[in-house]
Amino acid sequence: METYDVVVVGARCGGAPAARLLAGQGLRVLLLDRGARGSDKLSTLYVHQPGVAFLRAWGVLDEVRATGAPPITGLTYRVRDVVLRAPGPEVGGGNEAYAPRRGDLDAILGRAAEAAGVDVVHEASVTELVHERGRPVGLRYRKAGRWHEVRADLVVGADGLRSTVAGLVPAESYAVHPKLSCCVYGYWAGLDAGFEQHQGDGLWVGVIPTAGAHVVACYFRQSEFARVRVDVAGAHDRCLRAAAPSVAERLAGAERIGRLIGMGDQQNYFRTASGPGWALVGDAGHHKDSLTARGITDAFVQADLLARAVAEAGSLRPARLDAQLAAYARERDRRMMPFYRSTLAVARLDVEAERLAELRRIAASPELCARYGAAVAGVLTPEEYRLHDAALAP
Ligand SMILES: Cc1cc2nc3c(=O)[nH]c(=O)nc-3n(C[C@H](O)[C@H](O)[C@H](O)COP(=O)(O)OP(=O)(O)OC[C@H]3O[C@@H](n4cnc5c(N)ncnc54)[C@H](O)[C@@H]3O)c2cc1C
């Protein structure tokens, strides 16, 4: 049996930074993932400026840049006749967003965890928790056909949407909302485009520059998924022609790399973020429609919040730790809930007259465009953005 202070399940953008930050406090941390090191993951890759600020603070931004992902310093958003150009907000010493390949990003975060002293084990599948006196005190995992048991004072589930840890503790779901969108995306080389969003009735197109290519993602209403999944190429093409004809034209001269990927499981939920001796980070504890591309940045925020809570506890003794884990759960909800609501509003994919009028007004004002960019990045909460916006209204 192995003994650690903390065991983290899931070694991607939630688990790897959480493990690294906890090891930085002098804790002995084990990080497990059932996937192979550097494996890819469904994602359109975009990391907002506050997420990039974490990468900078964690000392890995140069490595991310070295993957070839170009800096993204602004957004063009087109809906009907409105074209809004929003600059990226300055956060923590830079105004760039990046969209690194997930295999690269997750591997960089994993290496940073290892460099901080975390023991990282891949192809290790966690199936059971060990409970004593109403709290998890460890877990069992299987690697290369052998079972291992680990003891730890804190078990962190950063194991994604279908979290094993969330199921075993068990965490309760709340604020669950029916799925709103579904998505088809692929990669194109040789496309002349920046970071673009295009909206049509019931449709949304995101164009995101990544290393050596662009991601071109088409979103549809969830009710369309049965139709979309039987012909993803046809659906992608139809969506582009209807909602982003200029992208369709430019794609004609570009080369598609790999296959198109369809994704319908756009769940919207919160799960209890912590309990005695356990915590959830990233998609394991909270997920929302990927249209607003917040999952990676939110996972970084949660890793940071959890590490701060553990530091505040100053000890892994239950009495101190559990109070801070409860504080972590409250703070996670306080920080995530406003963006959850705004994501649900956008993911309905409605183009309402009122919203169109608001966007037209924003597009005409460089100051409002800057505030819009800050709200998209998550620097301003939707509420703060609206307060500012009202103050500027004619
Ligand atoms: C189509 C699509 C597009 C998206 N686009 C964006 C975007 O542009 N920007 C953005 O910020 N977010 C985007 N997201 C969301 C983003 O990908 C997730 O929010 C993010 O990956 C969450 O990170 P995580 O570390 O919490 O979980 P994950 O990335 O899911 O990692 C969980 C890890 O846990 C491991 N694991 C699971 N179960 C076990 C187990 N039992 N034992 C051991 N290991 C286990 C898995 O192998 C996996 O490596 C998108 C999502 C989708 C579906």
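**Reading strands, charge pairs and a domain interface**

Reader: How many bridges join β18 to strand β19 (residues 278–280), and do the two run parallel or antiparallel?

Author: As a general idea, strands of a sheet pair through backbone hydrogen bonds, either parallel or antiparallel. In this structure, which is a predicted model, β18 and β19 run antiparallel and are joined by two bridges. If you wish to follow the register, start from Ser274, which stands opposite Ala279 in β19.

Reader: Which strands stand at the edges of the open sheet, and in what order do its six strands come?

Author: The order is β6-β3-β2-β10-β19-β18, and the pairing within this open sheet is mixed. Its edge strands are β6, covering 119–122, and β18, covering 274–275, each of which pairs on one side only.

Reader: Where should I look for hairpins, and what does the backbone do in the turn between β7 and β8?

Author: Consider β7 together with strand β8 (residues 135–143), for these two pair in the antiparallel sense over eight bridges, with Ser125 standing opposite Arg142 in β8. They form a hairpin with two residues between them, and Arg133 in the turn has a positive phi of about 45°. β8 also runs antiparallel to β9, to which six bridges join it, and here Arg142 stands opposite Trp147 in β9. β8 and β9 likewise form a hairpin with two residues between them, in whose turn Ala144 has a positive phi of about 50°.

Reader: How many salt bridges does the structure hold, and what does the pair of Glu132 and Arg151 tie together?

Author: In general, side chains of opposite charge can pair when their charged atoms come close. The structure holds 27 salt bridges. One of them joins Glu132 to Arg151, whose closest N and O atoms are 2.8 Å apart. Glu132 lies in strand β7 (residues 124–132) and Arg151 in strand β9 (residues 146–151), so the pair ties together parts that are 19 residues apart in sequence.

Reader: Which loop residues deserve a look for their backbone angles, and where does Pro170 lie?

Author: Pro170 lies in the loop between α5 (164–168) and β11 (173–177), and the peptide bond that joins Val169 to Pro170 is cis, with omega at about -20°. A second case is Leu45, a residue other than glycine whose phi is positive, near 80°; Leu45 lies in the loop between β3 (29–33) and α2 (49–57).

Reader: How much area do domain 1 and domain 3 bury between them, and which residues of domain 1 supply most of its share?

Author: The size of an interface is often given as the accessible area lost when the parts come together. The domain assignment gives domain 1 as 2–45 + 101–176 + 267–347, domain 2 as 181–263 and domain 3 as 353–392. Domain 1 and domain 3 bury about 380 Å² between them, and 67% of this is on carbon and sulfur atoms. Arg294, Pro338 and Phe339 supply 77% of the area that domain 1 buries against domain 3, more than any other three residues.

Reader: How many residues are in contact across that interface, and how many residue pairs there are in polar contact?

Author: Four residues of domain 1 are in contact with seven residues of domain 3, while the C-alpha centres of the two domains lie 33 Å apart. One residue pair is counted in polar contact between them, and zero salt bridges are found across the interface. By class, the side of domain 1 that touches domain 3 has two nonpolar, one polar and one charged residues.

How values were computed
Residues are numbered from 1 along each chain as its sequence is written. This is a predicted model: local features need pLDDT of at least 70, side-chain atom pairs count only at pLDDT 80 or more; totals for chains, interfaces and linings use all residues. Side-chain values use heavy atoms; hydrogens and water are left out. Domain bounds come from an automatic or database domain assignment. Contact means heavy atoms within 4.5 Å. Buried area is the accessible area (1.4 Å probe) that two parts lose on being put together, summed over both. A salt bridge is a side-chain nitrogen of Lys or Arg within 4 Å of a carboxyl oxygen of Asp or Glu. A polar contact is a pair of N or O atoms within 3.5 Å; within protein, one must be able to donate a hydrogen and the other to accept it, and residues adjacent in sequence count only if both atoms are side-chain atoms. Ala, Val, Leu, Ile, Met, Phe, Trp, Tyr, Cys and Pro count as nonpolar, Asp, Glu, Lys and Arg as charged, and the others, Gly among them, as polar. Two strands pair if DSSP finds at least two bridges between them. Helices (H or I, at least four residues) and strands (E, at least two) are DSSP runs, numbered from the N terminus.
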